[in-house]
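Biologist: I would like to learn how to read the ligand site and a pocket in a model. Where do we start?

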Amino acid sequence: MTTKDRYTAFAREVRGMSPAYERLSEAVARDDELLARLDTLPPAKRQPNLLFAAVRLLGGPVTDPATFRGYALANWPVIAAEMRVRATQTNEPGRCAVLLPVLASLPQPLALLEVGASAGLCLYPDRYAYRYGDHQLGDGEPVLDCAISGTAPPTRRPEVVWRAGLDLNPLDVTDPADVAWLDALIWPEHGHRRERLRAAAAVARAEPPQLVRGDLVDDLPALAARAPRDATLVVFHTSVLYQVPPARRDAFAELVRELPGHWIANEDPDVLRYPALPEPPADGFHNVLALDGKPLAWTRGHGQAITWFG
Ligand SMILES: C[S@@+](CC[C@H](N)C(=O)[O-])C[C@H]1O[C@@H](n2cnc3c(N)ncnc32)[C@H](O)[C@@H]1O
């Protein structure tokens, strides 16, 4: 895929969700000068989300394409330097709302092990509050709103006695620079997600997660072995495997099936394939939620909806 194709595809991907990034992506895809600058970076560092987040982090403009272009060309060396050292690691605690129906159904208490944890904000499903339509669960902030259909909303939060995460590049919720990067990764119009990030980061800072730097295949067995034996081990991941090469995804799926406990995947159906899936809902991109390899539901990308299979 050329860089131009990537920006054209991203414009389609964010349509209806981020008008600003749709405009910017379309403009970059037509801009030979900006495309040439991007092509001086390694292929993995040319991503639209990385470029726009780097500009946001630096305080640059990300709504009007002409102003964005002027800023990007004038400040290219500093933008490129940020893009080289950073990665797209959006950490979306809202995804806990789609994990909750499965987590609550497992034998309690749970030992949670998240692979591709970023800053670990999805490791606190027991601490957040939830609103499934008019059904509220838990108090305090953040409140995670989720439209649920095809199954009853969960009636309890899980009991978590151990939580740990694995990531190639763990981010630290107690480090303001890492939290600023997580904030910069949120699309410009998504103020509610920015507030949710602040609230979830406060929850995590009160008891920072155990995060291990490592690979989801090579380093998973050693971390899983540290989980307490008298709790149900749950290895889970959300929106991670698209960043992992196909052969490594297969190696991970094989490995995780051999571990004790349960495996929850919430991933793009193109990266973790299942033999037969119902048609996805019409409104935008959906992940597939699966327990122990069995697909259960379609879920919206930021955890805003879950549609249980009939
Ligand atoms: C898009 S983020 C998703 C973070 C979190 N799961 C969430 O849903 O909010 C993907 C994360 O996976 C991590 N990752 C990618 N490849 C990995 C690998 N081979 N082993 C461990 N972590 C990996 C990245 O560093 C990044 O933090």
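Modeller: Start with the second largest pocket: α9 gives the largest share of its lining, 5 residues. Note that the model is predicted.

Biologist: Which elements give two or more residues to the lining of the second largest pocket?

Modeller: They are β4 (143-145) and α9 (191-206). The volume of the second largest pocket is about 270 Å³. Its lining has 15 residues, and those closest to the centre are V143, D145, H192, R193 and R196.

Biologist: How does the lining of the second largest pocket divide by class?

Modeller: Into 5 nonpolar, 5 polar and 5 charged residues.

Biologist: Now the ligand. Which residues around the ligand come nearest?

Modeller: A residue is counted here if one of its heavy atoms lies within 4 Å of the ligand. There are 20 residues around the ligand, and N91, E92, R95, D167 and T238 come nearest. By class, the shell has 6 nonpolar, 9 polar and 5 charged residues.

Biologist: How do I read the polar contacts?

Modeller: Look for pairs of N or O atoms within 3.5 Å. An oxygen atom of the ligand lies 2.4 Å from a polar side-chain atom of T238. For E114, a polar side-chain atom is 3.2 Å from a nitrogen atom of the ligand. L168 takes part through its backbone, with a polar atom 3.3 Å from a nitrogen atom of the ligand.

Biologist: How much of the accessible area of the ligand does the protein cover?

Modeller: On its own the ligand has 600 Å² of accessible area, and the protein covers 95% of that.

Note on methods:
Residues numbered from 1 in each chain as written. Predicted model: local features only at pLDDT ≥ 70, side-chain atom pairs only at ≥ 80, totals over all residues. Heavy atoms only, no water. Polar contact = N/O pair within 3.5 Å; in protein donor to acceptor, adjacent residues only side chain to side chain. Areas by Shrake-Rupley, 256 points an atom, 1.4 Å probe, with all protein chains shown as cover. Nonpolar A, V, L, I, M, F, W, Y, C, P; charged D, E, K, R; others polar. 1 Å grid on protein atoms, 1.4 Å probe; cavity = no way out; pocket = protein on both sides within 12 Å on 5 of 7 lines; lining within 4 Å. Points joined across faces, edges and corners; volume = space filled by probe spheres on them. Helix = DSSP H or I, 4+ residues; strand = E, 2+ residues; numbered from the N terminus.
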